[in-house]
Amino acid sequence: MDSDAHTAADVIAAAAAEADPERAANSARFFQTQPGGYGEGDEFIGLTVPVQRRIAKRFKGIGLDAVRDLLDSGVHEHRLIGLFLLRGEFDRARDAAERESWVGLYLDAVRRGRVNNWDLVDSSADPILGEHLHRLGDHQLLLDHAADPDLWRRRVGIIGTFAFIKHGDAQAILAVAPLVVDDRRGLIQKAFGWMLREMGKRVDATLLVRYLDDHAAEMGRTALSYAIERLSSESRAHYRSLR
């Protein structure tokens with residue numbers, strides 16, 4: 001059977017064959033699926049990430065409709081496998097039009113709340129949306145997402161800047177920063193501080209120091225802690241004292 005003839009049902013069957021109920025219960029707790037948790041109501045079948053990557057590799061070349069169906073699943077692992085597949089097809093796209101189709105599918109999934117946990121965001125926002133926008137030389141869509149009050153769309157906007165950072169470009173994260181610096185939600189704080197730290201590590205340490213000199217006092221404690229992680233103990237103490 002040609003790979004593009006595979007369906008979401010084929011992928012789901014492959015995932016079911018590897019399911020581990022005990023791991024599923026542990027994952028449900030870890031990803032806070034309880035009432036009031038950030039992953040409230042999510043379902044798990046108990047697959048490790050390496051297993052999910054292996055399943056995605058097995059179904060390389062799958063079509064848009066099958067990936068959309070996986071992203072619409074209520075099962076967390078199905079959605080993550082779908083994102084691994086989406087990223088692979090985006091990377092292998094033969095031309096700009098094909099890449100646009102995959103990015104369009106991704107943006108639709110984000111808009112509809114299908115990329116709705118931190119691991120789903122972190123495995124996709126940078127290598128799909130961020131990389132696409134870097135190729136275009138335009139990070140406006142990241143700003144649009146970062147300005148959205150929705151937790152996951154905002155995190156997409158932050159993590160998407162990682163693609164620019166990896167290419168030595170700090171403009172996107174510095175443009176996103178004022179949109180998220182006041183957000184005290186833990187998953188936003190961690191993402192923001194992480195990207196600032198990576199800016200200092202991969203682009204220019206002086207940019208991080210300059211940002212901290214100007215904004216450390218207004219940053220949340222968690223974001224600041226992540227951002228200063230690679231600095232000297234004296235510098236860390238200094239910036240913490242500014243809050």
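This note sets out numbered points on a predicted model, beginning with its helices and continuing with individual residues.

1. Helix 6 and its length. Helix 6 covers residues 96-111. With 16 residues at 1.5 Å a residue, helix 6 should span 22 Å, and its end C-alpha atoms are indeed 22 Å apart, so the expected and modelled values agree.

2. The buried residues of helix 6. Which residues of helix 6 are buried? They are E98, R99, W102, V103, L105, Y106, D108, A109 and V110. The charged residues E98, R99 and D108 thus appear in this list beside nonpolar ones such as W102 and V103. An α-helix has 3.6 residues a turn, so residues three or four places apart point the same way.

3. The surroundings of helix 6. The buried residues of helix 6 pack against several other helices. These are helix 4 (64-71), helix 5 (76-92), helix 7 (118-122), helix 8, helix 9 (140-146) and helix 10 (151-159).

4. Helix 6 against helix 8. Helix 8 is formed by residues 125-136, and its axis lies 11 Å from that of helix 6. The two helices pack at an angle of about 130°, and they are therefore oblique to each other. The crossing of helix 6 past helix 8 is left-handed. On the side of helix 6, the contact is made by R99, E100, V103, Y106 and L107; on the side of helix 8, the partners are A125, I128, L129, H132 and R135. By class, the residues of this contact comprise six nonpolar, one polar and three charged. R99, V103 and Y106, which take part in the contact, are also among the buried residues of helix 6.

5. Helix 4 against helix 5. How do the axes of helix 4 and helix 5 cross? They come within 7 Å and cross at roughly 150°. Angles over 145 degrees count as roughly antiparallel, and helix 4 and helix 5 are therefore roughly antiparallel to each other. Helix 4 passes helix 5 in a left-handed crossing. V67, L70 and L71 are the contributors from helix 4, and they meet H78, R79, G82, L83, L85 and L86 of helix 5. Six nonpolar, two polar and one charged residues make up this contact.

6. Q52. This residue belongs to helix 3, which runs over residues 49-58. Is Q52 buried or exposed? Its relative accessible area is 2%, so Q52 is buried. Beyond its neighbours within four places in sequence, Q52 is in contact with L47, E77, L80, I81 and F84. Of these partners, E77, L80, I81 and F84 have numbers that fall within helix 5 (76-92).

7. E131. Residue E131 lies in helix 8. Its relative accessible area is 19%; because buried means under 20%, E131 counts as buried. Apart from neighbours within four places in sequence, its contacts are F90, D126, A163 and H167. The C-alpha atoms of E131 and F84 are separated by 15 Å, with their positions 47 residues apart along the chain.

8. A172. Helix 12 (residues 171-180) contains A172. A172 has 1% relative accessibility and so counts as buried. Its contacts, leaving aside neighbours within four places in sequence, are H139, L142, T161 and F164. A172 and N26 are 146 residues apart along the chain, and their C-alpha atoms are separated by 36 Å.

9. D169. The loop between helix 11 (161-166) and helix 12 holds D169. Not counting residues up to four places away in sequence, D169 touches F164 and V203. F164 is also a contact of A172. From D169 to D183 the C-alpha distance is 24 Å, for a separation of 14 residues in sequence.

10. N117. Where is N117 found? N117 is in the loop between helix 6 and helix 7. Although it belongs to a loop, N117 counts as buried, at 0% relative accessibility. Residues that N117 touches, not counting those up to four places away in sequence, are F31, Y38, G39, D42, H76 and W152.

11. Q32. The loop between helix 2 (21-30) and helix 3 includes Q32. Q32 is not a glycine, yet its phi is positive, at about 55°. With a relative accessible area of 31%, Q32 is partly exposed.

Key: Residues numbered from 1 in each chain as written. Predicted model: local features only at pLDDT ≥ 70, side-chain atom pairs only at ≥ 80, totals over all residues. Heavy atoms only, no water. Helix = DSSP H or I, 4+ residues; strand = E, 2+ residues; numbered from the N terminus. Buried < 20%, exposed > 50% of the residue type's maximum accessible area, 1.4 Å probe, protein only. Contact = heavy atoms within 4.5 Å. Axes fitted to C-alpha atoms, helices over the stretch in contact; angles between N-to-C directions. Parallel < 35°, antiparallel > 145°, perpendicular 65-115°, else oblique. Left-handed = near helix turned anticlockwise from the far one by under 90°. Expected span 1.5 Å × (residues − 1).
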